Amino acid sequence: MSQSLTHPNPSSVNQTWSNGSNVISPRAREPPRRNYSMGHAPPMDSNPTWFNESNHQHNFRASARNYQAQDDDSDDDNCTMITKQEALRPSAIKRAKDMTSPGGDVTIIYTDVQGSTSLWESCPSDMKKAQDIHDIIMRQTYTNHSGFEITTEGDAFNLAFQHPMDALAFALEAQLKLYKADWPPGILKHPDGKNSPSYKFRGFRVRFGIHHGPTGSRVHEMTGRMVYSGEAVKIAKAVEGMCHGGQILTTMETWKAVSGMAERCLGRPQVLDCGEHLLYETKNPPSKVTRRIMQLVPGDLAFDFFEARGRHDAPDANGSMVKDASLVKGRLFPPAISKRQLTTSFLNAPYANGRVTIAFVYTVGLCDNPAMKARNLGILARHVRKTMLGLNPPGYECQEDNGCWMLAFDRMANAVFFGLQLKTEAQAAQGLVGNVDRENMFKVGILSGPFTSMGPHRTTGMADYFGPIVNRAARVTSNCQPGQVCVGVPLSNGVSADPPDFGKTVNVRYEGNKKLKGITIDVAIFSCQRRRIETPYRR
């Protein structure tokens, strides 16, 4: 897929879509400073508009160890004391003796500290103490999770784990411990280490890039340590390069390997879908390496999107129905830094003013043969996603289940154009097998209105909407005939609805007021078709 996506401002009331400009600026990173195509980030204390939301209160099972600073006149700083105490424990000695280097399919982690060059220039004495705190936390935490240290370069760690569960548990626990560590004053005065309670940042902002896959390994001639090679290593390094300080990013396949156990073993972290990205390109042979990227945040540090986005059932003290995102605390990040984003991410899901257009797409009229149906659904899924990306702004895929899609759009007109274009695309689809009714393969139902809340799904990280609008849109779709694209307009107190106007290219026909199953109010149903524009005959 060649299309490049950029992001609307997630806190903007009037969301816009851009194909190359007016995009969110990622946070500046050191060393060295890079001139990203998306621009430079504002400093932390400038309160950028996209960073005006915050905290998902879930319990993370790992308890943070506090690193208390000793008095200035102490001969040994606390970090050294903790290291010595830990080293002398029988349990630590046993773990070290039992530790073996992973092999075969391995989870590789790269970490790095944001702004370390600037921190060294600004406060070298405190930076030395801070790096000791950082290194102790990293080594104690990866040891507790069966990690293997491949190498370090300054403050950057390269680690290997046999199982992705251990790797992700390490990253989540390390982020929490880093946040709760007792950092020297000079670090807390620096923009890349300052205490920001609203954003849940404090001290070092460490990036974690993680990927699990097949690797090759050998013993390094000089160090005697195991070193790893292969695509998994390259991907993990590329993923770390996409991170902002304090962020954990991993690939979809790595997350899928553990997502079923996350509730039990990872303390219910917040998961956010970042979309598919081009990581890098190879020359021999020429190829493009792409991956879908997932963000993980410890529950105690996460921003509660569900609390920040949506509408109240009744006006609040200020008379507003829209939730106030400024009251919520937690970690928010700009879009991932990559060569090109290829699909939508959670940040692209519409939510402005607590309103959205929900569309359901039901696949019908396909051959019942399981093998043929699976092949046909795969082809049609590509057409659904291609058609969504062709809109401006693109439609957003919330979920898909066996040929049924729940989609979100910024306005009803975009959803109608999507449904009509999908019918055209499907009729010309190549490779469909068996007995297929090309004219009537889809039922598309559309409804606009307020939602109660929205946020990332706990497993997929995709936008999940809640409120009456979801069930109403699904019922409108069930009411459609095969091949129809229908919009529903909720009615109250017997008020009638005028036909929506979608421009000169769309015919709208009133189908009647319907009492839909489980819906307490009537819904006016309108079907939509492309209007044939006849060209005048010229002699």
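How do β11 and β13 pair, parallel or antiparallel, and over how many bridges? They pair in the antiparallel sense, over 6 bridges. Two strands count as paired if DSSP finds at least two bridges between them. Strands (E, at least two residues) and helices (H or I, at least four) are DSSP runs, numbered from the N terminus.

A word on the source. This is a predicted model: local features need pLDDT of at least 70, side-chain atom pairs count only at pLDDT 80 or more, and totals for chains, interfaces and linings use all residues. Residues are numbered from 1 along each chain as its sequence is written, and side-chain values use heavy atoms, with hydrogens and water left out.

Now the sheet. It is open, has 7 strands and mixed pairing, and its order is β12-β13-β11-β14-β17-β19-β18. β12 and β18 (506–514) are the edge strands, each pairing on one side only. Neighbouring strands are turned by 20° against each other on average, direction ignored. Helix α13, residues 468–479, packs on this sheet. Among the strands that α13 touches are β11, β13 and β14; contact means heavy atoms within 4.5 Å. The direction of α13 makes about 150° with that of β14. For such angles, axes are lines fitted to C-alpha atoms, for helices over the stretch in contact, and the angles run from 0 to 180 degrees between N-to-C directions.

Stay with β13, residues 404–409. On one side, Val361 has Trp405 of β13 as its bridge partner. β13 also pairs with β12, antiparallel, over 5 bridges. There, Glu397 is matched with Leu407, and Tyr396 with Ala408. The hairpin of β12 and β13 has 2 residues between the strands, and Asn402 takes a positive phi near 55°. Of the 6 residues in β13, 5 are buried. Buried means under 20% relative accessible area, with exposed over 50% and partly exposed in between (1.4 Å probe, protein chains only).

β12 brings us to the largest pocket. Which element gives the most to its lining? β12 does, with 5 residues. The space in this pocket is about 590 Å³. Of the 26 lining residues, the closest to the centre are Met252, Arg292, Arg385, Glu397 and Met462. So Glu397 appears twice: it is in that central group, and it is the bridge partner of Leu407. By class, the lining has 10 nonpolar, 8 polar and 8 charged residues. Nonpolar covers Ala, Val, Leu, Ile, Met, Phe, Trp, Tyr, Cys and Pro; charged covers Asp, Glu, Lys and Arg; the others, Gly among them, are polar.

Terms, quickly. On a 1 Å grid over the protein atoms alone, a cavity is a set of points where a 1.4 Å probe fits but cannot get out; a pocket is an open set with protein on both sides within 12 Å along at least five of seven lines; lining residues have an atom within 4 Å of a point. Points are joined across faces, edges and corners, and a volume is the space filled by probe spheres set on them.

Cavities next. There are 4 of 30 Å³ or more. The largest holds about 110 Å³. Its lining has 16 residues, and the closest to the centre include Leu272 and Phe333. β8 gives the most, with 4 residues.

Last, β3, residues 156–161. All 6 of its 6 residues are buried, so β3 is largely enclosed by the rest of the structure. β3 runs antiparallel to β2, joined by 5 bridges.
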